[in-house]
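Reader: I would like a close look at a single part of this model. Please take one helix and what lies around it, and keep to what the coordinates show.

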Amino acid sequence: MDLLRSNLSRVRIPEPTNRIYKQECCLSFDTPRSEGGLFIDMNTFLAFGKDCVAWNYEKTGNPVYLHLKQIRKAVPEDRPSKKPTLLAIGVDGGFDNSESEYGETLTIVILPDYVTLPFPSVELPEKVRLAVDAILMAEGAERKEQVAAWIADKKQTSPYAVNLLQIDNGVIIPPSGWKCAKCDKKDNLWLNLTNGMILCGRRNWDGTGGNNHAIEHYKETGYPLAVKLGTITADLEAADVFSYPEDESVLDPLLAEHLAHFGIDFSSLQKTEMTTAERELDQNTNFDWNRIQESGQEVEPLCGPGYTGLVNLGNSCYLAATMQVVCSTRSFCSRYYMTQSLKMAFEMAPADPTVDLNMQLTKLSHGLLSGKYSIPALEKDDNANATSTTTAKQEGIPPRMFKAVIAASHPEFSTMRQQDALEFFLHLLDQVERANAANPELDPARSFKFGIEDRILCSSGKVTYHRRLDYILSLNIPLHEATNKEDLEAFQKFKAEKISEGKEVSSDEIVRPRVPLEACLASFSAPEEIHEFYSTALKAKTMAVKTAGLTSFPDYLVLHMRKFVMEAGWVPKKLDVYIDVPDIIDISHMRSKGLQPGEELLPDGVPEGDIETNKPLPDEDIVSQLVSMGFNHLHCEKAAVRTSNTGVEEAMNWLLSHMDDPDIDVPISQEAEGAEALSLDQSKVDTLISFGFQEEIARKALKVSGGDIEKATDWIFSNPEPSASLDLDATTSNTAPTPTGAGLPDGGGRYRLIGIVSHIGTSTQCGHYVAHIFKEGRWVIYNDDKVGASVNPPKDMGYLYFFERLNS
């Protein structure tokens with residue numbers, strides 16, 4: 001006790017705004033239910049598992065911890081089996097999804113000698129007792145972040161709050177003992193902020209909830225705002241305020257005044273009810289989804305190092321499937337597991353390791369690859385005589401902290417909506433590259449990076465080259481190359497007969513096109529005609545031919561199959577197609593060799609007086625089709641020009657991703673004039689060169705920053721490899737193009753298929769993602785927290801294919 005008193009200065013009583021971690025270790029996936037329990041630092045309120053708490057003491061010197069340990073209570077063997085009578089969860093008559101009950105023990109632990117004091121105890125200093133009570137009563141930061149992410153859009157301040165009418169009727173609300181004024185309901189109660197009436201909430205579809213008295217009162221009186229009793233605490237922003245006219249949860253910036261009107265001292269109230277968002281979250285994350293199984297067969301569960309599942313946080317399968325494949329690659333495994341321990345990452349991390357990408361990637365990699373958390377846990381089985389071995393499964397690990405960090409800079413991934421696995425993969429690599437900018441040789445994202453070169457042959461016989469870098473090879477699917485055309489024709493006749501008879505074709509009767517992967521790769525390299533190409537050699541528009549190739553072959557080649565297309569009426573449609581993907585591919589023939597002996601480059605520059613001729617002209621067909629879809633005419637012209645008139649789909653994709661550009665409404669003619677004027681302002685280029693930058697980088701920086709030297713400098717520093725990201729979009733060059741991507745991995749063109757991310761659903765924004773990975777000589781399915789030996793890997797149904805280069 002004397003030791004504790006001597007360290008009281010290192011103990012803090014948490015404020016309502018403090019983030020308190022008490023569900024999971026910040027450096028590992030240990031929880032209060034782990035063997036060593038969880039240690040909460042009573043100064044920073046960060047949580048640590050048994051193996052990590054000593055590292056925190058070494059780093060911070062904080063000695064006092066609240067130790068939480070939860071132990072499963074025994075479940076009576078004679079518990080009767082109850083069959084559900086309602087299609088609902090966690091309610092009387094519904095499915096029983098309640099977890100086994102746990103008993104909790106609390107102690108105060110003082111490091112480094114792990115001196116232990118019991119809690120509760122009247123002998124403890126008051127400051128310690130108050131701090132522990134506050135920690136236990138507070139909503140965990142993990143839970144808060146999860147709830148915040150579940151709310152797709154942030155709550156907006158209600159216009160009804162500013163001038164809210166409050167009737168001076170002398171109503172004083174007691175701090176507890178509430179009941180609906182019109183029925184006997186004592187939970188799900190709402191306080192109307194105009195007249196102080198306490199009424200029950202809406203009735204749910206399954207009969208639970210309230211009796212609709214609060215909303216009926218609004219319809220009678222028009223009083224707009226109500227606050228849910230039981231959600232009011234010192235953290236007023238967390239209170240659940242509902243606006244009936246807006247029909248959504250809102251923010252009330254004057255809530256303290258509105259509560260004081262009815263004599264409510266919010267600082268003394270404790271949370272006793274779930275908010276609307278929390279209840280919605282629980283309903284969605286507790287549901288035991290009927291996940292996709294291979295051919296309806298039960299797969300053999302797998303456990304151990306590299307076979308750890310990821311708990312679905314609610315529409316997080318896109319993240320789980322992608323990270324399982326990424327973490328199985330040698331580059332990511334080496335960077336964040338083999339060569340970097342949890343302790344090393346923690347020592348390098350800032351004061352709060354939960355917001356450090358390097359720390360959380362290391363935590364996730366160790367969680368997935370170490371096998372520490374891939375231990376079979378017997379599922380609850382109501383049938384006492386069941387002896388099936390398939391009831392053994394692992395619980396998996398929840399990637400909450402990693403998701404919060406990787407999504408912090410992205411408004412979509414921070415929500416609980418389903419997302420596109422491809423977009424997430426590209427966002428991940430971008431963030432990893434930025435995090436490793438100071439040490440690019442350590443950057444595992446480079447193992448996916450490669451160069452693409454477009455060669456344009458003008459009718460004059462002269463050529464020009466454009467180069468760019470990418471992480472994925474996005475492939476069109478040429479349906480006309482299907483290998484089962486006869487079967488498809490027969491199926492179309494059969495389908496027409498069925499329809500004429502008023503019958504539907506069953507799913508097992510459908511015949512889908514089968515397209516070889518080789519045909520998709522060939523379509524990428526196939527010559528493409530460019531009409532209206534302005535030739536600086538001919539000083540006129542002509543026809544040119546574009547071909548594409550790769551300037552380097554990455555360690556890992558990721559192929560993206562463009563299954564989502566626009567059908568008649570511009571309705572997005574997913575191609576129902578099979579891609580025949582071999583285990584080994586050879587793309588050696590796709591290597592671009594650059595300027596060849598005997599080739600002559602198009603001359604540089606535009607002759608005076610011909611600038612007008614060289615102005616980009618949009619394809620009117622593309623523009624008119626986009627306009628018919630409701631887009632602005634100028635925006636459509638700009639989209640066509642920026643995508644080189646390659647097609648409606650490309651223009652629309654560009655348009656959708658550039659709607660918020662600050663220059664979206666600048667006429668194309670003014671942009672061309674501005675670009676021409678900029679190219680003539682050599683003094684700005686010279687200024688940047690004097691700073692030590694290369695001329696081509698200086699020109700690119702000035703171009704993207706509108707000629708502002710300060711912004712151009714910031715752009716160069718914020719792009720670790722500006723030379724690699726140059727878009728050499730000039731149609732001419734008087735010298736051989738400088739190779740981009742110097743230092744990227746390169747090698748032979750033979751690759752082995754090691755991973756598949758497949759998607760089930762009509763859109764990338766809905767449905768479900770599953771990963772299959774070739775590991776230790778067999779295919780393994782990763783379906784959220786379920787990991788098993790694959791029976792029938794869907795090699796022909798992939799959305800993303802991951803190939804590993806074979807060493808020569």
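Author: What follows describes helix 3 and then turns to a lysine and to another helix. The model is a predicted one. Helix 3 runs over residues 126-137, which makes twelve residues. From its first C-alpha to its last it reaches 16 Å, close to the 16 Å expected at 1.5 Å a residue. Four of its residues, Val128, Ala131, Val132 and Ile135, are buried. Seen down the axis of helix 3, these buried residues fall within an arc of 95°, so they line one face of the helix. The spacing fits a general rule: an α-helix has 3.6 residues a turn, so residues three or four places apart point the same way. The cover over the buried residues of helix 3 includes helix 1 (2-6) and strand 1 (38-41). It also includes strand 3 (64-72), strand 4 (102-110) and strand 5 (115-119).

Lys22 sits in the loop between helix 1 and strand 1. With a relative accessible area of 15%, Lys22 counts as buried, because the cut-off is under 20%. Its side chain reaches the backbone oxygen of Leu136 at 3.0 Å. A polar atom of the Lys22 side chain also lies 2.5 Å from the backbone oxygen of Ala138.

Helix 2 (residues 53-60) can be read in a similar way. Val53, Trp55 and Asn56 are buried there. Viewed down the axis of helix 2, its buried residues fall within an arc of 155°, so they line one face of the helix. They pack against strand 1, strand 2 (47-49), strand 3 and helix 11 (342-348). Just after helix 2, Gly61 takes a positive phi of about 80°.

Definitions and conventions:
Residues are numbered from 1 along each chain as its sequence is written. This is a predicted model: local features need pLDDT of at least 70, side-chain atom pairs count only at pLDDT 80 or more; totals for chains, interfaces and linings use all residues. Side-chain values use heavy atoms; hydrogens and water are left out. Helices (H or I, at least four residues) and strands (E, at least two) are DSSP runs, numbered from the N terminus. The expected span of a helix is 1.5 Å times one less than its number of residues. Buried means under 20% relative accessible area, exposed over 50%, partly exposed in between (1.4 Å probe, protein chains only). The arc is that of the directions from the helix axis to the C-beta atoms. Contact means heavy atoms within 4.5 Å. A polar contact is a pair of N or O atoms within 3.5 Å; within protein, one must be able to donate a hydrogen and the other to accept it, and residues adjacent in sequence count only if both atoms are side-chain atoms.
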